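Here are a few exercises to work through with the model open beside you. Try each task before reading its solution.

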Amino acid sequence: DLDRRDEAKVLLAEVLEDGVEVFCTGTMGEIVPVIGVDALEFPTDGPVTERLRSAFRKLVATEGESVVD
């Protein structure tokens, strides 16, 4: 049924409590570590974040298109 919606309320703090690394990604910021949310703190450059950032930069350098003249 297309009109039916299942919704679950998830509190961000509950999800992040068990997090080891947290990062944001997007076209402008690429991959940026999240160092804290409220009282929760995370490593600034964890191994997963660093691997993803390195792989992304390599991909952009080899396959990306320059947007600056």
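**Exercise 1. Trace the fold.** In what order do helices and strands follow each other along the chain?

Solution. Read along the sequence, and you get the pattern α-β-β-β-β-α. Tallying the elements gives 2 helices and 4 strands. Keep in mind that this is a predicted model.

**Exercise 2. Check the confidence.** Which element of the chain has the lowest mean pLDDT, and which the highest?

Solution. Start with the whole chain: pLDDT averages 79, and 84% of the residues score at least 70. Then go element by element. Helix α1 (residues 12-16) sits at the bottom with a mean of 75, while α2 comes out on top at 89. As a reading rule, predicted coordinates should not be read in detail where pLDDT is low.

**Exercise 3. Look at a strand pair.** In which sense do β1 and β2 pair, parallel or antiparallel?

Solution. First find the two strands: β1 covers residues 23-26 and β2 covers residues 30-33. Their pairing is antiparallel, over 4 bridges. Next, follow the connection: a hairpin of 3 residues leads from β1 to β2. To check the register, pick cysteine 24, which stands opposite valine 32 in β2.

**Exercise 4. Work out the salt bridges.** How many salt bridges does the structure hold, and which residues are linked in a network by them?

Solution. Begin with the principle: side chains of opposite charge can pair when their charged atoms come close. The count here is 2 salt bridges.

- Step one: arginine 53 meets aspartate 45, side chain to side chain, at 3.1 Å from N to O.
- Step two: arginine 53 also forms a salt bridge with glutamate 50, again with an N to O distance of 3.1 Å.
- Step three: look at the spacing of that second pair. Glutamate 50 and arginine 53 are 3 residues apart in helix α2 (residues 47-63), so about one helical turn separates them.
- Step four: put the pieces together, and Asp45, Glu50 and Arg53 form a salt-bridge network.

**Exercise 5. Place the network relative to the surface.** Is arginine 53 buried or exposed?

Solution. The cut-off for buried is under 20% relative accessible area. Arginine 53 has 12%, so this residue counts as buried. Now try its partners: aspartate 45 is partly exposed at 42%, and glutamate 50 is partly exposed too, at 34%. For the wider setting, 13% of the chain's 69 residues count as buried. The accessible surface of the chain is about 6400 Å², with 55% of that belonging to carbon and sulfur atoms.

Methods:
Residues are numbered from 1 along each chain as its sequence is written. This is a predicted model: local features need pLDDT of at least 70, side-chain atom pairs count only at pLDDT 80 or more; totals for chains, interfaces and linings use all residues. Side-chain values use heavy atoms; hydrogens and water are left out. A salt bridge is a side-chain nitrogen of Lys or Arg within 4 Å of a carboxyl oxygen of Asp or Glu. Buried means under 20% relative accessible area, exposed over 50%, partly exposed in between (1.4 Å probe, protein chains only). Two strands pair if DSSP finds at least two bridges between them. pLDDT is the predictor's confidence in each residue, from 0 to 100. Accessible areas come from the Shrake-Rupley method with a 1.4 Å probe; for residues, only the protein chains shown count as cover.
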